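Student: Could you take me through one part of this model in close detail? I would like to see how the pieces around it fit together.

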Amino acid sequence: MKTLKIKPRISTALLLFLFTFLTAALYCVWLYLDKVKMYPYRIQRPVFMVLLYQQKTLILGGYWENEMIDQYYGDVVTLSENHRLNFYLAMILNQDPQGHQALELVNIMGHDRRNFLLFLSQLSNSSQWIQLSNEGKRKVDFWAKELAKLNNYRLDEFQK
């Protein structure tokens, strides 16, 4: 009597799912290591969540700035000023400086705007400046100028 041997086959759909899952996992690791690791530990999770949601909205559509607002008011607002300033820095480095997201960011900054301007003006003397790309440095300069205009400050007041 012969027994039938059935060879297990992995379906194409399962392979596609595994490939997609692994690709997404690797992307999340890259996103964390490349874009989030440079910030203080306490804000890494909120920054990561905003950036992940930002990538999701590129694919599926939607408004990622809602996630930025949720993360800010959910976690970041109660943290120290240094943590909040680093959160703002992460947001300006990862968005269009002239988009409507910029208006939302300025709104959540509130009373931290002056201190953030001071933070940006002192950034070029810090170790974080070295980690920034040329594009990141341009965004920091742009935001420093725009915040100074918005608050009627002269940049040279901060660059002493």
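**A close look at Phe-87**

Tutor: Happy to! In this predicted model, Tyr-72 and Phe-87 are both buried, and they make a good place to start. Their rings form a tilted aromatic pair, with 6.1 Å from centre to centre and 35° between the planes. The pair joins distant parts of the chain, since Tyr-72 sits in helix H3 and Phe-87 in helix H4, 15 residues apart. It is one of 5 aromatic pairs in the structure. Tyr-72 and Phe-87 also belong to one aromatic cluster, together with Tyr-73, Tyr-88, Phe-116 and Phe-119.

Now look at the other neighbours of Phe-87. Leaving out residues up to four places away in sequence, Phe-87 touches Ile-43, Pro-46, Val-47, Val-50, Met-68, Tyr-72, Val-76 and Ile-108. Several of these names return where H2 meets H4: Ile-43, Pro-46, Val-47 and Val-50 contribute to that contact along with Arg-42, while H4 brings His-83, Asn-86, Phe-87, Ala-90 and Met-91. The two helices pack at an angle of about 25°, with their axes 10 Å apart. An angle under 35 degrees counts as roughly parallel, so that is how H2 runs relative to H4. The crossing of H2 past H4 is right-handed.

Finally, step back to the core. The largest nonpolar core has 38 residues, and Phe-87, Leu-89, Phe-116 and Leu-120 touch the most other members. Helices H1, H2, H3, H4, H5, H6 and H8 each supply at least two of its residues, and H4 gives the most, with 8.

Key
Residues are numbered from 1 along each chain as its sequence is written. This is a predicted model: local features need pLDDT of at least 70, side-chain atom pairs count only at pLDDT 80 or more; totals for chains, interfaces and linings use all residues. Side-chain values use heavy atoms; hydrogens and water are left out. A nonpolar core is a set of buried Ala, Val, Leu, Ile, Met, Phe, Trp, Tyr and Cys residues joined through side-chain atoms within 4.5 Å. Buried means under 20% relative accessible area, exposed over 50%, partly exposed in between (1.4 Å probe, protein chains only). Helices (H or I, at least four residues) and strands (E, at least two) are DSSP runs, numbered from the N terminus. Contact means heavy atoms within 4.5 Å. Rings of Phe, Tyr and Trp (its six-membered ring) pair if their centres lie within 6.5 Å; planes under 30 degrees apart count as stacked, over 60 as edge-to-face and the rest as tilted. Axes are lines fitted to C-alpha atoms, for helices over the stretch in contact, and angles run from 0 to 180 degrees between N-to-C directions. Angles under 35 degrees count as roughly parallel, over 145 as roughly antiparallel, 65 to 115 as roughly perpendicular and the rest as oblique. A crossing is left-handed if the near helix is turned anticlockwise from the far one by less than a right angle, and right-handed if clockwise.
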